Amino acid sequence: MTLSGCSAAEAFPAGSSGADVPAPTAPVFDAAAALTKLDTLAVKGRAPKTGYTREQFGPSWSDDNAVEGGHNGCDTRNDILRRDLVDLTYKTSTRDCVVATGTLRDTYTGTTIAFVRGQDTSTAVQIDHVVALSDAWQKGAQQLSAEERRDLANDPRNLQAVDGPTNGQKSDSDAASWLPPSKGYRCTYVSRQIDVKSLYSLWVTQAEKDAMIRVLQAC
């Protein structure tokens, strides 16, 4: 089944030809497979947020991780910018690692955003954790090793360059309380959350699972 309401080009913007980070998903979407995988996830209540800090998931944008794209000499944030933006230019003397400018075709809003690196401009494009780290912490990540949490925070399958203000609106929400404004991307978004939660043995709440089912049944 192809992704409803969103072409492959819109949902999966091409990055730099030199990017060595894998795309987050394939451009063909299978709602039945996502529903089947969702049924393999444990359903539990949200654990307390006690003890959560960003540092529990390692240094921000660490290149020292075991997932594909790690140990390539570039930090994870720039890896994802290179993957998800087009028309890239790079900061000089960074071996085409640090992105200076580019264009984002934002999957969350369906808009096009110019990225310009700078103290007052970089936040226009942010890197979203598709499964928010705080949400992960309350749904099983407390039980992961420090290395596994670091990998979760830097896994390209859990990362997407997106519109900064929209990322701020999402915050640490799960699918029960927030979905991308672009309805055409919601099937892929929920499927990616299910994939990540399956990969890292995280659970879902009943409200979250119900919301995911509603999205997937409409795909």
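# A walk through the model, from the cavity outwards

The structure holds one cavity of 30 Å³ or more, and that is where this tour starts. Keep in mind as you click around that this is a predicted model.

**Stop 1: the cavity**

How much space lies in the largest cavity? About 50 Å³. Rolling a probe the size of a water molecule over the atoms shows where empty space is left. To find the spot in your viewer, select G69, G70, T76, D79 and N154, which lie nearest the centre of the cavity among its 12 lining residues. Which element gives the most to this lining? Colour α3 and you have it: that helix supplies three residues. By character, the lining divides into four nonpolar, five polar and three charged residues.

**Stop 2: T76**

Stay with one of those central residues, T76. Select T76 and you are in helix α3, which covers residues 76-84. Is T76 buried or exposed? Its relative accessible area is 3%, under the 20% cut-off, so T76 counts as buried. Now show what surrounds T76. Leaving aside neighbours within four places in sequence, T76 is in contact with W61, S62, D63, N65, N154 and L159. You have met N154 already, as one of the residues nearest the centre of the cavity.

**Stop 3: F57 and W137**

Next, show the aromatic side chains. How many aromatic pairs does a search of the whole structure find? Seven. A pair of aromatic rings is described by the distance of the centres and the angle of the planes.

Begin with F57 and W137, an edge-to-face pair with 6.3 Å centre to centre and 65° between the planes. F57 sits in the loop between α2 (31-38) and α3, while W137 belongs to helix α4 (residues 133-137), so the pair ties together parts that are 80 residues apart in sequence. Turn on a surface and check both partners: F57 is buried at 0% relative accessibility, and W137 is buried too, at 6%.

**Stop 4: Y52**

While you are here, add Y52, which is found in the loop between α2 and α3. Setting aside neighbours within four places in sequence, Y52 is in contact with F57, L133, S134 and W137, so put those on screen together. Y52 has a relative accessible area of 23%, which makes this tyrosine partly exposed. For another link across the chain, draw a distance from Y52 to Q138: the two are 86 residues apart along the chain, yet their C-alpha atoms are separated by 8.5 Å.

**Stop 5: the aromatic cluster**

Now select Y108, W178, Y185 and Y189, which form one aromatic cluster. Both Y108 and Y185 are buried, Y108 at 0% relative accessibility and Y185 at 1%. Zoom in on these two rings: Y108 and Y185 make a tilted pair, 6.1 Å centre to centre with 45° between the planes. What parts of the chain does this pair link? Y108 is in the loop between β2 and β3 (112-116), and Y185 is in the loop between α6 (164-170) and α7, 77 residues away.

**Stop 6: helix α7**

The cluster member Y189 is also one of the buried residues of α7, which makes α7 a handy next selection. The helix has 14 residues and reaches 20 Å from its first C-alpha to its last, close to the 20 Å expected at 1.5 Å a residue. How many of the 14 residues of α7 are buried? The count is 10, so α7 is largely enclosed by the rest of the structure. Show them as sticks: C187, T188, Y189, V190, S191, R192, Q193, I194, V196 and K197.

**Stop 7: two serines with positive phi**

Move on from α7 and you reach S201, whose phi is positive, near 55°. S201 lies in the loop between α7 (186-199) and α8 (206-217). Is S201 buried or exposed? Exposed, at 60% relative accessibility.

Finish at S93, which has a positive phi of about 65° although it is not a glycine. Look for S93 in the loop between β1 (85-90) and β2 (99-105). S93 has 80% relative accessibility, over the 50% cut-off, so S93 counts as exposed.

Terms used:
Residues numbered from 1 in each chain as written. Predicted model: local features only at pLDDT ≥ 70, side-chain atom pairs only at ≥ 80, totals over all residues. Heavy atoms only, no water. Helix = DSSP H or I, 4+ residues; strand = E, 2+ residues; numbered from the N terminus. Buried < 20%, exposed > 50% of the residue type's maximum accessible area, 1.4 Å probe, protein only. Contact = heavy atoms within 4.5 Å. Expected span 1.5 Å × (residues − 1). 1 Å grid on protein atoms, 1.4 Å probe; cavity = no way out; pocket = protein on both sides within 12 Å on 5 of 7 lines; lining within 4 Å. Points joined across faces, edges and corners; volume = space filled by probe spheres on them. Nonpolar A, V, L, I, M, F, W, Y, C, P; charged D, E, K, R; others polar. Phe/Tyr/Trp six-rings, centres within 6.5 Å; stacked < 30°, edge-to-face > 60°.
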